[in-house]
Structures are given as structure tokens and as C-alpha cells.
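Subject: Handover of a structure and notes on its contents

Dear colleague,

Please find below the structure that I am passing on to you. My notes on what was found in it follow directly after.

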Amino acid sequence: MTQARTRISKAVIPAAGLGTRFLPATKATPKEMLPVVDKPAIQYVVEEAVTAGLSDVLMVTGRNKRPLEDHFDRNYELEEALSRKGDETRLARVQESSDLATMHYVRQGDPRGLGHAVLCAAPHVGDQPFAVLLGDDLIDARDPLLSHMVEVQEQHGGSVVALLEVDPSQIHLYGCAAVKPTLEEDVVQVTGLVEKPDPADAPSNYAVIGRYVLDPAVFDVLRATEPGRGGEIQLTDALQALAANPDLGGPVHGVVFKGRRYDTGDRGDYLRAIVRLACEREDLGPEFRDWLRRYVTEEM
């Protein structure tokens, strides 16, 4: 009898980076707390995990990241002040973040790369598959990428990465996957991975973006992975080992994503994300779009 797979319930969010591209704003404020319209970027990521059924969230943090914990905790003084004013709308918004998920935190004391950050989650995750969500990538809630990745992992086992077709000139900015097709249009089997290759050496234009569903076998591989590009322990290198030898922990598949993605790790893309999301808000969009049209017409 085939043993039923355990439903994935845990998500890991690495959030120990220094956010140097956003200095000086991130000198004292974690980059994950920078607002995208009126919510910090990290809240969008946690909401995505919860929507996909992952209600147990471990955040891998570092020094100066305490505001992340505070944001997902109760703020009784603020809640009481809003309650006394009868401001139920803002009270609900404040309480929303603390009621989202069961939150846990662990510090990545030594910033040794994404692979090391994932390895910090091993004691919490145990021997069950889990998801990894990077905070720089915001996936539009109308395009449920993570839910589909969980379904693919439950069907095929092993690990699943999110892939995005990019212009070949941009592939050096990403991990890159060599793939072969499957019977499913948007699912491929990953046969190899390389971190930030030169365009001439890239096996494809499929870039790995910041969503993963991983078999716990990745922990043993990461423990044996030597520092790679940039002197860091690369998650890409561990996934390459799994793709090259499925006996280590099952195959590696990729879900080709064609939906809406907002890259908040780049200053220009961060601004574009705010404009796009603000334009689509029912409460802000109509007035903001009118102003934006006048601004582009009259000022530009």
C-alpha cells in the first residue's frame, strides 16, 4: 500500500539580509518592513503562505530585525487606543497581521547565504516537506503560484522550484535551470541548476524565482555543500545535487510561472510595484489613476 503524503503545513521565510540596496532607509528599518502601499512587504509574503494552507511560519532573522517580530505580535496599547476611538476599520487592520499565522523565529547568526538560512530551519521543519518564500518576490494573490507548487510536490514528491522565463541578457541575475518537458504544460523536470551563469553559459532562460517547496532531504545535502558563488552556501547548489541524483531526495520539478510578480528587491521595481498595486485598489485606485494620468500628461 502506498503511504499517503503528509500535507505540507510549514513555510520558511529567510529575512536576515541587510537590505543594502535600500540604504539609508534600511539602516535602522528591516527592508522587509518597507511599505508596499500600506502594508509591509513581508506581510504580503506571509499572507501568500497562509492562502496556500501553510499556517506554520518560521522566519529566519538576524540582528536589527526585531520589528518583524513586533509587526506579527499584538500591540495592546495601540489596539486599546483604536478601540476607545471606535475606529474599528483600523483596529481590524492592526489585528490582521497578528492573527494571520502561527509565527516562529530563529536567528541566522552568521550570514552565510540562502542555503545556510534554509539549514537554520531544520530543527523546526523536521522530516516533512516545506515551502521557502523569499521576501523580495511578491506574487499577486490572483495568481496562486505557491498552491500549485504544493500540489505538484504532493503529486511527484521531491522538490519544486518556481521558474520564470526572462530575457537571456538577464539570466545572470538569477539561478538558472536546465529542464525537460513533462505531460503538464506548466510543469517541467529540472535536470540541472547553476547560480547566476554568464548568458553564454546558461542552459536556458528559465530563472529560479523566490518560491520553493523542498523535500527535507535538502538539509543533509546543504550540510555537505561547500560555499559557492560569493563565498556563500547556495541553495541552488544543493538543488543541483538533488536534480542530478534523485535517489538523494526525489526529483526536482519546476512550475513555470506566467502571472504577476513584483520584485521589491530592486528600487525601480519596488516603486513600480507600489504604483501597480495602488492603481488596482478599490479604495485608492480611481483617484490615484486620475492623478497619475494628469501627472504623466502634464509633467512628463
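A cavity, as the word is used here, is a set of grid points where a 1.4 Å probe fits but cannot get out, and its volume is the space filled by probe spheres set on those points. Please note that the model is predicted.

The enclosed space

With a threshold of 30 Å³ or more, the structure holds 1 cavity. The largest cavity contains about 80 Å³ of space. Its lining is formed by Phe22, Lys31, Glu32, Leu34, Ala41, Ile42, Gly135, Asp136, Thr264 and Tyr270. Sorted by class, the lining comprises 5 nonpolar, 2 polar and 3 charged residues.

The salt bridges

Side chains of opposite charge can pair when their charged atoms come close. In this model, 18 salt bridges are present. Three of them are described here.

The pair of Arg21 and Asp136 has its closest N and O atoms 3.8 Å apart. Arg21 belongs to the loop between β1 (10–14) and β2 (35–36), while Asp136 belongs to the loop between β6 (130–133) and β7 (137–139), so this salt bridge ties together parts that are 115 residues apart in sequence. Arg21 is exposed, because its relative accessible area of 52% lies over the 50% cut-off. Asp136 also appears in the lining of the largest cavity.

Glu48 pairs with Arg211, and here the closest N and O atoms are 2.7 Å apart. This salt bridge links distant parts of the chain, with Glu48 in helix α1 (residues 41–51) and Arg211 in strand β11 (residues 206–214), 163 residues apart. Are these two partners buried or exposed? Glu48 has a relative accessibility of 13% and therefore counts as buried, the cut-off being under 20%. Arg211 is likewise buried, with a relative accessible area of 0%.

Asp283 forms a salt bridge with Arg281, the closest N and O atoms lying 2.9 Å apart. Arg281 is partly exposed, at a relative accessible area of 22%. Through salt bridges that share partners, Arg21, Lys31 and Asp136 are joined into one network. Of this network, Lys31 and Asp136 are among the residues that line the largest cavity.

Helix α1

How much of α1 is covered? The helix is mostly covered, with 9 of its 11 residues buried. The buried residues of α1 are Ala41, Ile42, Gln43, Tyr44, Val45, Val46, Glu47, Glu48 and Ala49. Ala41 and Ile42 are also found in the cavity lining. After α1 comes Gly53, which has a positive phi, near 90°.

Backbone features in the loops

A cis peptide bond runs from Leu23 to Pro24, with omega near 5°. Pro24 is situated in the loop between β1 and β2, where Arg21 also lies.

Two residues other than glycine deserve a note for their phi values. Val37 has a positive phi, near 65°, and is placed in the loop between β2 and β3 (39–40). Its relative accessible area of 24% makes Val37 partly exposed. Asn64 likewise has a positive phi, near 65°, and sits in the loop between β4 (56–61) and α2 (66–71). Asn64 is exposed, with a relative accessible area of 54%.

Yours sincerely

Key. Residues numbered from 1 in each chain as written. Predicted model: local features only at pLDDT ≥ 70, side-chain atom pairs only at ≥ 80, totals over all residues. Heavy atoms only, no water. Salt bridge = Lys/Arg side-chain N within 4 Å of Asp/Glu carboxyl O. Helix = DSSP H or I, 4+ residues; strand = E, 2+ residues; numbered from the N terminus. Buried < 20%, exposed > 50% of the residue type's maximum accessible area, 1.4 Å probe, protein only. 1 Å grid on protein atoms, 1.4 Å probe; cavity = no way out; pocket = protein on both sides within 12 Å on 5 of 7 lines; lining within 4 Å. Nonpolar A, V, L, I, M, F, W, Y, C, P; charged D, E, K, R; others polar.
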